[in-house]
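Trainee: Please take me on a slow, close look at one helix of this model and the rings around it. I would like to see how the pieces fit together.

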Amino acid sequence: MQQKVPHNQYDLTFKRLFQFKEVFLNFLRGNINREWVNRIDAESLEFVDRSFIKDEFVEKEADVIYRARLEDTDIYFYVLIEPQSTADKSMPKRLFEYMSLVWKRHMEEKADELLPPIVPIVLYNGRSSWNIPTQIFKGFDIFKNDMFNYILVDVNRLDDEKLKSRLDLLSIILYLEKSRRNAEEFVEKLNEVSEYVCKLPQSQLKVFCSWLLRIVKPQVIEEMKSRIDELLKKIEAEGVEDVGEFIFNVQQLIQEYYREAEEKGKEKGYEEGIQEGIQKGIQRKEEEIVRRLIQKGFDDNFIAEATGVEIERIKKIREEYTKYS
């Protein structure tokens, strides 16, 4: 009767074998039928110690991790040595768990980089045939183009006419969101959609009106904020009785705020203009004093100490004075 080799001894043998880079590379080339295998930079192939993923892997699995370079991309190979006599149905979930740990460590070291690809490999030597799907995700054939990408919906690039034609709560809010930083345009758009807003079910109407008030709240004077908070509570509790009047009042609030902001902006600009004029006058006076000291033959260090003007500026004044005198 053949003596059974202990699992841990079996695992250890392969782990030791795979620590030789040339052995692991030949294993990849001989067993993975992918075009990119032959493009792996052999010199970049690096055995990654188990400690790379800290203590979370300790005694969990017999594993081998390699890192390699494929053109300008780091790629990880995670080899799970599976010496059990029968296939393990939990394998896809286990692999994803361990891949997640590798990604977690990568994020800790290189927070600003995209996640690297990981190629999971199971080395199986059981008696029964492997009958577990090799796909980690259910429905991968349907979602394979979306699984490791995210779909971007950029509100600012959505088509206004398409949003208006949909006439649902989300489309209306997105339509208005695009103009929330432009008061005149926002009010105009709000007027456009008001008729449809009035037809919304009360539950959706409450959501819309609450959203609208929260958009307006940061843009009104402090005295009005408590009033808006009260109105928000009332809407949540009782709903909205007269939607048309509500929207009209919100439009008035927005317009009033931007009128005040515009006036304050003009006042601020006037004040800043005065300050700028004063500063320029001081600078002209300093330059006049520096030129007089240059005429009298004083060096740059003395002038800087006497006037407090930066020496680089004095040198520039001297250069201009010499050029035109």
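Mentor: Happy to! Let's begin with helix α2 (helices are DSSP runs of H or I with at least four residues, strands are E runs with at least two, both numbered from the N terminus), where the buried residues are F24, L25, F27 and L28. These four sit on the same side of α2, because they span an arc of only 155° around its axis, where the arc is taken from the directions that run from the helix axis to the C-beta atoms. Buried here means under 20% relative accessible area, exposed means over 50%, and partly exposed is in between, with a 1.4 Å probe and protein chains only. Now turn the helix around: the face pointing away from the buried side of α2 carries E22, N26 and G30, which are exposed.

A word on what you are looking at: this is a predicted model, in which local features need pLDDT of at least 70, side-chain atom pairs count only at pLDDT 80 or more, and totals for chains, interfaces and linings use all residues. Residues are numbered from 1 along each chain as its sequence is written, and side-chain values use heavy atoms, with hydrogens and water left out.

Next, zoom in on F24. This residue has a relative accessible area of 0%, so F24 is buried. The rings of F24 and F27 are tilted, because their centres are 6.2 Å apart and their planes meet at 35°. Rings of Phe, Tyr and Trp (its six-membered ring) pair if their centres lie within 6.5 Å, and planes under 30 degrees apart count as stacked, over 60 as edge-to-face and the rest as tilted. Along helix α2, F24 and F27 are 3 residues apart, so about one helical turn separates them. F27 is buried too, because its relative accessible area is 14%.

F24 also has a partner in F18. By the ring rule, the count comes to 12 aromatic pairs. One of them joins F18 and F24 edge-to-face, with 5.6 Å from centre to centre and 90° between the planes. At 4% relative accessibility, F18 counts as buried. Step back, and a wider picture appears: ring pairs link F18, F24, F27, W36, F47, Y66 and F77 into a cluster.

For a comparison with α2, move along the chain to helix α6, residues 169-177. This helix is mostly covered, since 8 of its 9 residues are buried. Find them one by one: L169, S171, I172, I173, L174, Y175, L176 and E177. Notice that S171 and E177 are among the buried residues of α6, just as F24 and L25 are among those of α2.

One more helix is worth a stop. C209 lies in helix α8, which runs over residues 202-216. With 0% relative accessibility, C209 counts as buried. Follow the chain onward from there to I247: the two residues are 38 apart along the chain, and their C-alpha atoms are separated by 8.4 Å.

Finally, for a residue outside the helices, look at R67 in strand β2, residues 63-70. At 18% relative accessibility, R67 counts as buried.

So, to come back to where we began, the buried side of α2 holds F24 and F27 among its residues, and both of these rings belong to the linked cluster.
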